[in-house]
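Biologist: I have a protein and its ligand on my screen. How do I start to read them?

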Amino acid sequence: MASIFTKIINGEIPCYKVAEDDKHIAFLDINPNAKGHTLCVPKEEENKVFDLNKEAYSDLMDFSRKVAIALEQTVPCKRVGMSVIGLEVPHVHVHLIPLNDMRDMTFQHKVSLNEKEFVELADAIGAKV
Ligand code: AMP
């Protein structure tokens with residue numbers, strides 16, 4: 001069965017899209033640890049990050065780096081943290097999280113944004129990618 005991220009990639013369910021290229025998409029995490037928390041996802045569905053072949057792995061890291069630089073230019077933070085988990089959605093994704101505090105990396109410290117904030121944030125980050 002297609003992952004929820006494949007459904008986003010195929011346009012079957014909506015997302016707050018930040019950026020896209022032929023092999024990847026970046027969109028805002030719907031339950032963010034911090035304002036600007038972004039997911040970078042390869043369009044080809046693979047479960048675990050280290051099962052990607054070397055080229056796909058390095059392409060994903062290049063794409064994530066571009067998005068992270070745009071994110072750091074857009075959202076005030078000390079730095080952008082990166083994490084790969086995948087326990088909830090078994091489709092490879094890189095979490096990019098603007099950090100001001102170690103708690104921002106814990107996935108237990110969540111922030112809530114309204115629809116307008118999500119849209120404006122995704123557009124602002126995307127404009128810099
Ligand atoms: P994990 O698989 O443990 O890395 O966590 C999956 C992440 O995807 C969580 O941070 C969720 O909030 C996020 N997520 C799940 N569904 C969506 C969605 N439809 N749009 C954006 N983010 C999502």
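Modeller: Start with one contact. A polar side-chain atom of H93 lies 2.6 Å from an oxygen atom of the ligand. Keep in mind that this is a predicted model.

Biologist: How much of the ligand's accessible area does the protein cover?

Modeller: The ligand has 510 Å² of accessible area on its own, and the protein covers 88% of it.

Biologist: Which backbone atoms lie close enough to the ligand to count as polar contacts?

Modeller: The general idea first. A polar contact is a pair of N or O atoms within 3.5 Å. Now the case here. A backbone N or O atom of V89 lies 2.8 Å from an oxygen atom of the ligand. For I30, a backbone N or O atom lies 3.2 Å from a nitrogen atom of the ligand.

Biologist: Where does the ligand sit?

Modeller: In the largest pocket. Around the ligand there are 16 residues. D29, G86, V89, H93 and H95 come nearest.

Biologist: What classes of residue make up that shell?

Modeller: Ten are nonpolar, four are polar and two are charged.

Biologist: Which elements supply at least two residues of the shell?

Modeller: Helix 1, residues 4-9, and strand 2, residues 24-28, each do so. Helix 1 gives the largest share, with three residues.

Biologist: Let me look at V89 again. Where in the chain is V89, and is it buried or exposed?

Modeller: V89 lies in the loop between strand 4 (79-83) and strand 5. For burial, use a cut-off: buried means under 20% relative accessible area. V89 has 10% relative accessibility, so V89 counts as buried.

Biologist: Which residue is paired with V89 across 86 positions of the chain?

Modeller: That is S3. The C-alpha atoms of V89 and S3 are separated by 7.2 Å, although the two residues are 86 residues apart along the chain.

Biologist: Now T6. Where is T6, and is it buried or exposed?

Modeller: T6 has its place in helix 1. Its relative accessibility is 11%, so T6 counts as buried.

Biologist: What joins the side chains of T6 and H91?

Modeller: A polar contact of 3.3 Å.

Biologist: Move on to N31. What is its place, and how accessible is N31?

Modeller: N31 is found in the loop between strand 2 and strand 3 (38-42). Between the cut-offs for buried and exposed, a residue is called partly exposed. N31 is at 41% relative accessibility, so N31 counts as partly exposed. Check a distance too. The C-alpha atoms of N31 and V111 are separated by 7.4 Å, with their places 80 residues apart along the chain.

Biologist: What about M102: buried or exposed?

Modeller: Exposed means over 50% relative accessible area. M102 is at 69%, so M102 counts as exposed. Its place is in the loop between strand 5 and helix 3. The C-alpha atoms of M102 and G81 are separated by 9.7 Å. Those two residues are 21 residues apart along the chain.

Biologist: Last one. What is the phi of F107?

Modeller: F107 has a positive phi of about 65 degrees, although F107 is not a glycine. F107 is found in the loop between strand 5 (94-99) and helix 3 (115-126). F107 is partly exposed, with a relative accessible area of 24%.

Conventions. Residues are numbered from 1 along each chain as its sequence is written. This is a predicted model: local features need pLDDT of at least 70, side-chain atom pairs count only at pLDDT 80 or more; totals for chains, interfaces and linings use all residues. Side-chain values use heavy atoms; hydrogens and water are left out. A residue is near a molecule or strand if one of its heavy atoms lies within 4 Å of it. A polar contact is a pair of N or O atoms within 3.5 Å; within protein, one must be able to donate a hydrogen and the other to accept it, and residues adjacent in sequence count only if both atoms are side-chain atoms. Accessible areas come from the Shrake-Rupley method with a 1.4 Å probe; for residues, only the protein chains shown count as cover. On a 1 Å grid over the protein atoms alone, a cavity is a set of points where a 1.4 Å probe fits but cannot get out, and a pocket is an open set with protein on both sides within 12 Å along at least five of seven lines; lining residues have an atom within 4 Å of a point. A molecule sits in a cavity or pocket if more than half of its atoms lie within 2 Å of its grid points. Helices (H or I, at least four residues) and strands (E, at least two) are DSSP runs, numbered from the N terminus. Ala, Val, Leu, Ile, Met, Phe, Trp, Tyr, Cys and Pro count as nonpolar, Asp, Glu, Lys and Arg as charged, and the others, Gly among them, as polar. Buried means under 20% relative accessible area, exposed over 50%, partly exposed in between (1.4 Å probe, protein chains only).
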